[in-house]
Amino acid sequence: MPAAQRRFDPDRRARIIQATLDVVAEHGVAGTTHRRVAAAADVPLGSMTYHFDSLDALLTEAFTGLADTVSARFADRLAAAATVDAACEAVVDLIVSDIWASPRTMLLSYELYAFAARNPPLRRVMQGWMAKSRAALGQHFAPETARALDAMIEGLTIHRSVDPHPAGRAEVRAIVARLVR
């Protein structure tokens with residue numbers, strides 16, 4: 001009987017990571033299992049432990065990728081601002097548009113926050129994400145203002161995701177102006 005050939009699948013690891021975020025978005029961290037991720041990624045169950053030492057390692061890598069992607073979008077929007085006024089408008093855009101706060105990203109962020117509260121490696125991912133956000137804001141604002149804006153962006157995007165009457169662009173613009181000036 002001939003030996004089974006190994007399937008060449010150079011994107012398998014990346015597909016597993018993406019499928020992990022899909023499973024977390026659908027079932028939460030608590031409902032994420034190797035079996036569900038393998039099924040979502042269309043890979044054999046054995047691939048999970050081949051590529052990742054544990055489910056926590058997989059979740060950490062998936063959430064790290066999410067944080068890096070979101071941070072890059074955040075930084076790109078702020079880097080495009082040439083003046084403080086343009087940076088203020090970029091902050092407004094970050095809050096009221098789907099640049100980073102799409103419903104899926106917000107749901108994954110909630111899961112990440114809850115998981116990070118109990119998992120020190122994920123806490124470092126969150127701290128890195130905050131540092132990147134503050135660095136992007138720090139291109140235009142003093143450190144204490146960048147910190148306040150970062151917290152305000154997080155808070156208002158969370159509120160916008162659940163508030164039936166979220167703050168509109170003009171109201172958000174006024175809040176940003178109060179913090180900056």
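Author: A word on the record before we start: UniProt positions follow the numbering used here, and its annotations may be inferred rather than shown by experiment. The model itself is predicted.

Reader: Good to know. Which residues does the UniProt annotation "DNA-binding region" cover?

Author: According to the unreviewed UniProt entry, that region covers residues 33–52. In the model, residues 33–52 are 70% helix and 0% strand, and the C-alpha atoms at the two ends are 13 Å apart. The unreviewed entry also lists "domain: HTH tetR-type" at residues 10–70. Over residues 10–70 the chain is 75% helix and 0% strand, with the end C-alpha atoms 25 Å apart.

Reader: And the whole chain: how many helices and strands does its secondary structure come to?

Author: The count is nine helices and zero strands, which reads along the sequence as α-α-α-α-α-α-α-α-α. The C-alpha trace spans about 75 × 35 × 25 Å along its principal axes. Of the 181 residues, 40% are buried. Among contacts with a separation of 6 or more, 66% are between residues 24 or more positions apart.

Reader: Let's go to single residues. What makes Thr32 count as buried?

Author: The cut-off for buried is under 20% relative accessible area. Thr32 has 3% relative accessibility, so it counts as buried. Thr32 lies in the loop between helix 1 (12–27) and helix 2. Leaving aside residues up to four places away in sequence, Thr32 touches Val23, Val24, Val37, Leu55 and Leu59. The C-alpha atoms of Thr32 and Leu21 are 9.3 Å apart, with the two positions 11 residues apart in sequence numbering.

Reader: Why does Asp42 count as exposed?

Author: Exposed means over 50%. Asp42 comes to 57% relative accessibility, so exposed is the right word. Asp42 is found in the loop between helix 2 (34–41) and helix 3 (46–51).

Reader: What is phi of Asp42 near, and is the value positive or negative?

Author: Phi of Asp42 is near 55°, a positive value in a residue other than glycine. For context, most residues other than glycine have a negative phi.

Reader: Now Cys88. How do you know whether Cys88 is buried or exposed?

Author: Set the value against the cut-off again: buried is under 20%. Cys88 has a relative accessible area of 10%, so Cys88 is buried. The place of Cys88 is in helix 5 (residues 84–96). Not counting residues up to four places away in sequence, Cys88 touches Phe141, Val176, Val180 and Arg181. Cys88 and Val180 are 92 residues apart in sequence, yet their C-alpha atoms are 8.0 Å apart in space.

Reader: On to helix packing. What makes helix 4 roughly parallel to helix 7?

Author: Angles under 35 degrees count as roughly parallel. Helix 4 and helix 7 (residues 120–138) pack at an angle of about 5°, with their axes 9 Å apart. Helix 4 is therefore roughly parallel to helix 7. On the helix 4 side, the contact includes Phe63, Ala67, Val70 and Phe74, and the helix 7 side includes Leu122, Val125, Trp129 and Leu137. By class, the contact of helix 4 with helix 7 has 12 nonpolar, four polar and two charged residues.

Reader: Why are helix 4 and helix 6 called oblique to each other?

Author: Angles over 145 degrees count as roughly antiparallel and 65 to 115 as roughly perpendicular, while under 35 is roughly parallel and the rest is oblique. Helix 4 (residues 55–79) and helix 6 (residues 103–117) pack at an angle of about 130°, with their axes 11 Å apart. Helix 4 and helix 6 are therefore oblique to each other. Their contact is made by Asp56, Leu59, Phe63, Leu66, Val70 and Arg73 of helix 4 with Thr105, Leu108, Glu111, Leu112 and Phe115 of helix 6. Those residues divide into seven nonpolar, one polar and three charged. The crossing of helix 4 and helix 6 is left-handed.

Reader: And what makes helix 7 oblique to helix 8?

Author: The axes of helix 7 and helix 8 (residues 143–162) cross at roughly 120° and come within 9 Å. That angle makes helix 7 oblique to helix 8, and their crossing is right-handed. Met130, Ser133, Arg134, Leu137 and Gly138 in helix 7 meet Ala146, Arg147, Leu149, Asp150 and Ile153 in helix 8. The residues of this contact divide into five nonpolar, two polar and three charged.

Notes
Residues numbered from 1 in each chain as written. Predicted model: local features only at pLDDT ≥ 70, side-chain atom pairs only at ≥ 80, totals over all residues. Heavy atoms only, no water. Helix = DSSP H or I, 4+ residues; strand = E, 2+ residues; numbered from the N terminus. Axes fitted to C-alpha atoms, helices over the stretch in contact; angles between N-to-C directions. Left-handed = near helix turned anticlockwise from the far one by under 90°. Contact = heavy atoms within 4.5 Å. Nonpolar A, V, L, I, M, F, W, Y, C, P; charged D, E, K, R; others polar. Buried < 20%, exposed > 50% of the residue type's maximum accessible area, 1.4 Å probe, protein only.
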